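Colleague: I should be grateful for a close look at a single part of this model, followed outward to whatever adjoins it. Please set the account out as one connected description.

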Amino acid sequence: QLQLVESGGGLVQPGGSLRLSCAASGFTLDYYAIGWFRRAPGMEREGVSCISSSGGSTNYADSVKGRFTISRDNAKNTVYLQMNSLKPEDTAVYYCAADSVPLNSDYVPTLKIEYDYWGQGTQVTVSS
């Protein structure tokens with residue numbers, strides 16, 4: 001069974017940090033670009049960051065540039081999202097998603113419709 005599982009969410013004060021993990025089971029992430037998305041209450045799901053299957057290309061939403069860093073460890077079949085300098089407006093459910101691409105591709109998919117598999121999400125709450 002193909003599955004993506006997010007973890008690492010929680011409650012953090014403004015200015016704090018969290019590291020989200022996206023672990024895959026049932027398939028290897030080597031052949032997938034991975035994206036992080038989030039949905040705040042009452043809002044549409046929006047793209048946060050994505051990384052190519054090669055790991056050599058990344059993309060960030062303007063709202064998180066300079067604060068969030070995406071990375072991948074294919075040996076652990078896991079992708080990470082390091083979130084620093086968190087703000088209350090970062091509060092949302094965070095989802096990871098996988099898009100099937102060639103091995104070692106530098107393509108970075110930015111549209112939700114491109115992704116084939118989705119995790120169930122992890123809640124991030126930034127509040128004092």
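Colleague: Which residue stands opposite V12 in β11?

Modeller: The residue opposite V12 in β11 is V126. The model is a predicted one, and what follows should be read on that footing. V12 belongs to the pairing of strand β2 (residues 10-12) with β11, in which the two strands run parallel and are joined by three bridges. Strand β11 covers residues 122-126. It also pairs with β9, here in the antiparallel sense and again over three bridges. In that second pairing, V93 stands opposite Q123 of β11. The two faces of β11 are unlike in their surroundings: T122, V124 and V126 make up a covered face, whereas Q123 and T125 make up an uncovered one. V126, the partner of V12, is thus on the covered face, while Q123, the partner of V93, is on the uncovered face.

From β9 the description passes to the loop between β9 (92-100) and β10, where Y115 lies. The ring of Y115 pairs with that of F37; the centres are 5.2 Å apart and the planes stand at 85°, so the pair is edge-to-face. F37 is in strand β4, and the pair therefore ties together parts that are 78 residues apart in sequence. Both partners are shielded: F37 is buried, with a relative accessible area of 2%, and Y115 is buried as well, with a value of 6%.

This is one of six aromatic pairs in the structure. A further pair joins F27 and Y117, whose ring centres are 5.6 Å apart; their planes meet at 35°, so this pair is tilted. F27 lies in the loop between β3 (18-25) and β4 (32-39), and Y117 lies in strand β10 (residues 117-118), so that parts 90 residues apart in sequence are tied together. F27 counts as buried, at 11% relative accessibility, whereas Y117 counts as partly exposed, at 29%. Together with Y32, these two residues form one aromatic cluster.

Aromatic rings also meet a charged side chain. The charged end of R45 sits over the ring of Y95, 3.9 Å from its centre. R45 also lies over the face of W118, at 4.7 Å from the centre of that ring.

Y32, a member of the aromatic cluster, leads on to S53, with which Y32 is in contact. S53 is placed in the loop between β5 (46-51) and β6 (58-60). It is buried, with a relative accessible area of 2%. Leaving aside neighbours within four places in sequence, the residues in contact with S53 include D30, A33, R72, N74 and V101, as well as P102, L103, N104 and S105. With N104 there is a specific polar approach: the side chain of S53 reaches the backbone nitrogen of N104 at 3.3 Å.

N104 itself is found in the loop between β9 and β10. In contrast to S53, which is buried, N104 counts as exposed, at 55% relative accessibility. Its backbone deserves attention. Most residues other than glycine have a negative phi. For N104, however, phi is near 60°, a positive value. N77 is a further non-glycine residue with a positive phi, in this case of about 55°. N77 lies in the loop between β7 and β8 and counts as buried, at 15% relative accessibility.

The strands on either side of N77 bring the account to a sheet. β7 and strand β8 (residues 78-83) run antiparallel and are joined by six bridges. Within this pairing, L81 in β8 is the bridge partner of I70. The two strands belong to an open sheet of four strands, in the order β1-β3-β8-β7, with antiparallel pairing. Its edge strands are β1 (3-7) and β7 (68-73), each of which pairs on one side only. On average, neighbouring strands of this sheet are turned by 15° against each other, direction ignored.

In summary, β11 is paired with β2 in parallel and with β9 in the antiparallel sense. The loop between β9 and β10 holds both Y115, the partner of F37 in the edge-to-face pair, and N104, whose backbone nitrogen is reached by the side chain of S53.

Conventions. Residues are numbered from 1 along each chain as its sequence is written. This is a predicted model: local features need pLDDT of at least 70, side-chain atom pairs count only at pLDDT 80 or more; totals for chains, interfaces and linings use all residues. Side-chain values use heavy atoms; hydrogens and water are left out. Two strands pair if DSSP finds at least two bridges between them. Axes are lines fitted to C-alpha atoms, for helices over the stretch in contact, and angles run from 0 to 180 degrees between N-to-C directions. Rings of Phe, Tyr and Trp (its six-membered ring) pair if their centres lie within 6.5 Å; planes under 30 degrees apart count as stacked, over 60 as edge-to-face and the rest as tilted. Buried means under 20% relative accessible area, exposed over 50%, partly exposed in between (1.4 Å probe, protein chains only). A charge sits over a ring if NZ of Lys or CZ of Arg is within 6 Å of the ring centre and within 35 degrees of the ring normal. A polar contact is a pair of N or O atoms within 3.5 Å; within protein, one must be able to donate a hydrogen and the other to accept it, and residues adjacent in sequence count only if both atoms are side-chain atoms. Contact means heavy atoms within 4.5 Å.
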